[in-house]
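Here are my notes on this chain, in numbered points. Please read them with the model open.

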Amino acid sequence: MSLPHVLLGLLREAPRTGYDLARAIDREMDPVWSAGFSQIYPVLARLRRKGWVLLRVLGPRHGPRRHLYRTTAAGRRELQRWLREAPSPLRHNDEGLARLAFLDALALTERRKALLAFEASISAEIARLRSLPPAGSFPTFGRRAAIEELEALRRFLRAGGAAFYPAEAPAGRRDARKRR
């Protein structure tokens with residue numbers, strides 16, 4: 001997913017300021033997408049140069065002005081083009097999955113504790129996402145997909161964690177070590 005297309009998607013509903021877009025990303029797109037002001041404003045400038053959004057300056061002659069952005073027909077066509085194309089396979093930097101990759105650096109008991117802590121944090125995030133107020137149809141659909149993804153990871157940790165890191169080593173292995 002790209003931030004320009006997220007912004008176009010949010011602007012298709014109604015014109016918004018950069019501040020309104022940042023708030024909408026926080027409220028409506030969580031946990032599907034996140035972006036701060038430092039990312040949003042340069043992208044809005046690029047969208048303007050491409051002719052995908054228009055800017056209208058609002059406000060008093062003196063003092064801070066508000067910049068209201070809205071999509072153009074070309075911007076709506078670009079959003080539709082992007083939505084029609086197949087997304088690339090999910091590739092993201094996931095701290096939790098990276099930690100799983102290196103769990104063997106810990107002692108067995110510490111591995112189990114780390115898995116339990118990871119599972120607890122996933123459960124807390126699922127509960128947080130379920131408690132959020134409903135967003136628009138697309139953001140709600142995206143949020144449901146994120147919850148499903150987290151639930152799948154939690155199931156994997158419960159099933160796979162027990163298989164990879166049993167509570168105790170099998171009895172046959174302990175006996176083999178004693179004989180040596």
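Which elements do the buried residues of α1 pack against? I take that up first, then move on to the rest of the chain.

1. **Packing around α1.** This is a predicted model. In it, the buried residues of α1 pack against three helices and three strands by name: α2 (18–28), α3 (37–50) and α4 (73–84), along with β1 (16–17), β2 (53–58) and β3 (66–71).

2. **Burial of α1.** Helix α1 spans residues 3–11, and 9 of its 9 residues are buried, so the helix is largely enclosed by the rest of the structure. The buried residues are Leu3, Pro4, His5, Val6, Leu7, Leu8, Gly9, Leu10 and Leu11. For the chain as a whole, buried residues make up 32% of the 180 residues.

3. **Overall layout.** The chain has 8 helices and 3 strands. Read from the N terminus, the order is α-β-α-α-β-β-α-α-α-α-α. Among contacts with a separation of 6 or more, 55% are between residues 24 or more positions apart. The accessible surface is about 12400 Å², and carbon and sulfur atoms account for 56% of it.

4. **The largest nonpolar core.** This core has 21 residues. Those that touch the most other members are Leu3, Leu7, Leu10, Ile25, Ile40, Leu44 and Leu47. Helices α1, α2, α3 and α4 each supply at least two residues of the core. The largest share comes from α1, with 6 residues. In soluble globular proteins, nonpolar side chains tend to be buried together.

5. **Ile40.** What does isoleucine 40 contact, leaving aside its neighbours within four places in sequence? Its partners are Leu3, Leu7, Gly18, Leu21, Ala22, Ile25 and Ala35. Leu3, Leu7 and Ile25 are also among the core residues that touch the most other members.

6. **A second core.** There is also a second, separate core of 11 residues. Its members include Leu103, Leu115, Phe118 and Leu129. Points 10 and 11 look at residues in this part of the model.

7. **α1 against α2.** The two axes come within 11 Å and cross at roughly 95°. At that angle α1 is roughly perpendicular to α2. On the α1 side, the contact is made by Leu3, Val6, Leu7, Leu10 and Leu11. On the α2 side, it is made by Leu21, Ala24, Ile25 and Glu28.

8. **The sheet.** In what order do the 3 strands lie? They form an open sheet, β1-β3-β2, with antiparallel pairing. Strands β1 and β2 stand at the edges with a single partner strand each, so one side of each has no neighbour in the sheet. The antiparallel pair β1 and β3 is joined by 2 bridges. Threonine 17 has leucine 68 of β3 as its bridge partner. Helix α3 lies across β2 and β3, and runs at about 115° to β2.

9. **His5.** Is histidine 5, a residue of helix α1, buried or exposed? Its relative accessibility is 10%, so histidine 5 counts as buried; the cut-off is under 20%. Not counting residues up to four places away in sequence, histidine 5 touches Glu78, Leu79, Arg81 and Trp82. Helix α4 covers residues 73–84, and it is one of the elements that the buried residues of α1 pack against.

10. **Glu119 and Leu115.** Both belong to α6: glutamate 119 is found in this helix, residues 108–131, and leucine 115 lies there too. Glutamate 119 is buried, with a relative accessible area of 15%. Beyond residues up to four places away in sequence, glutamate 119 touches Arg154, Leu157 and Arg158. Leucine 115 is also buried, at 9% relative accessibility. The C-alpha atoms of leucine 115 and leucine 157 are separated by 6.9 Å, although the two residues are 42 apart along the chain.

11. **Glu149.** This glutamate is found in helix α7, residues 137–164. Glutamate 149 is partly exposed, with a relative accessible area of 44%. The C-alpha atoms of glutamate 149 and isoleucine 126 are 9.8 Å apart, with their positions 23 residues apart along the chain.

Notes. Residues numbered from 1 in each chain as written. Predicted model: local features only at pLDDT ≥ 70, side-chain atom pairs only at ≥ 80, totals over all residues. Heavy atoms only, no water. Buried < 20%, exposed > 50% of the residue type's maximum accessible area, 1.4 Å probe, protein only. Helix = DSSP H or I, 4+ residues; strand = E, 2+ residues; numbered from the N terminus. Contact = heavy atoms within 4.5 Å. Areas by Shrake-Rupley, 256 points an atom, 1.4 Å probe, with all protein chains shown as cover. Core = buried A, V, L, I, M, F, W, Y, C linked by side-chain atoms within 4.5 Å. Pairing = 2+ DSSP bridges. Axes fitted to C-alpha atoms, helices over the stretch in contact; angles between N-to-C directions. Parallel < 35°, antiparallel > 145°, perpendicular 65-115°, else oblique.
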